[in-house]
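Student: I'd like a close look at a single part of this chain. Could you walk me through one strand and what sits around it?
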Amino acid sequence: MSDVPLTLDEVHALATRCLAANGCDGANAAALADTLTAAEGDLCVSHGLFRLPGYVAALRSGKVNGAADPGVDEIAPSVVRVDGDGGFAPLALVRGREPLAEKARDQGIAALVLVDIHHFAALWIEVEALAEQGLCAFAFTASKALVAAAGGTRPFFGTNPVSFGWPRRSGPPMVFDQASAAMARGEVMIAARDGHDLPPGVGLDADGKPTTNAKEILAGTQLPFGGYKGSSVALMVEILAAGLIGERFSFEASERDNNDGGPARGGELMLAIDPRRFGDAEGYLDHTETLFEKMLAQDGVRLPGDRRHANRETTRDGGVTVPKALHDQIVGLAAGS
Ligand code: NDP
């Protein structure tokens, strides 16, 4: 089946039309379409249009509020809290971003607490937006029980990504964004859809046996990256994105989710640091550039985010291609089928 070529403007228009037809108001549809288009543009396909049917399912089941009106509060001198009003994460993130950046510049360090949101996207999007303003940033979110704790054979943690961003002297910031699972859920789903095997270590089947079959992993459990080390990172994310801020742990999200295929309710924590307030205001940028230069002097080494940024250059004018079956499905969802 052939792919459908789309410009990024066409991706945005298609996503907006589909979301609006399924219950998103203008502000929510625009913020979510921006997020989906950014993922498509960097060729992070597992968090681009591929996710749109899941977003629509969550709107149609009534789990997610397509007209959410996230509210912003200061709950401590350096803590901003956004109540997402049961909506998707992107609009809540947009509303919280400037208050967070302002507090980080005032105080040196600040936190953004997001509750009652449904996060289904890549975290680099919100981290890069802060790092582009000269801030160092972190983001953490939990999801549903999909990944076994080290030693276990049943899903317990979410895929629990962590993202970190650092501003550069020139060009886009350095941002890494990685699941604490050996592989993001979306990648496993795409492998199952396309019939590809996965490397050893990604998951176990329903009997707790190691398997490279993506469908068997979806029926069993994913594994953390690096054994107990990834498991501890996943544990930290549960605590930061749920225990600390009064939201649902991944196992609680699973217990309460309606399994419509869309994102479960949960929370997110972001931290922003103004490097100019940490004791090396004159030197921090150039000094860290020497770290990158020295690192990149070795053949075969690259910075995280470089793949995405290179993709962004090619898709800006060249657009993307979308699997025809997915494109047809989205056009159908936009038409009400
Ligand atoms: P990857 O394993 O593909 O990549 C993780 C990070 O490592 C990226 O920053 C990537 O940069 C970098 N990287 C990859 N290869 C190299 C290399 N050779 N040298 C240096 N850096 C490298 O991502 P994951 O599968 O772990 O996660 C995918 C996405 O899933 C993330 O965006 C995450 O936010 C999202 N996610 C979202 C969830 C949610 O609930 N909303 C849950 C779980 C995951 P680059 O991009 O440039 O390759």
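Student: Which residues of β6 lie on one side and which on the other, and are they buried or exposed?

Tutor: Sure, with a quick note on the ground rules. This is a predicted model, where local features need pLDDT of at least 70, side-chain atom pairs count only at pLDDT 80 or more, and totals for chains, interfaces and linings use all residues. Residues are numbered from 1 along each chain as its sequence is written, and side-chain values use heavy atoms, with hydrogens and water left out.

Now to β6, which spans residues 162–166. Val162, Phe164 and Trp166 sit on one side, Ser163 and Gly165 on the other, and all are buried (under 20% relative accessible area with a 1.4 Å probe, protein chains only). So, as that definition has it, both faces of β6 are covered. Strands here are DSSP runs of E, at least two residues, and helices are runs of H or I, at least four, each numbered from the N terminus.

β6 also has partners; strands count as paired if DSSP finds at least two bridges between them. Strand β5 (residues 136–141) runs antiparallel to β6, joined by four bridges, and Ala137 has Gly165 as its bridge partner. Strand β7 (residues 174–178) pairs with β6 over five bridges, again in the antiparallel sense, with Phe164 standing opposite Phe176.

Zooming out, the chain has twelve helices and twelve strands. Of its 337 residues, 53% count as buried, and the C-alpha atoms fill a box of roughly 55 × 45 × 45 Å along the principal axes.

Conventions:
Buried < 20%, exposed > 50% of the residue type's maximum accessible area, 1.4 Å probe, protein only.
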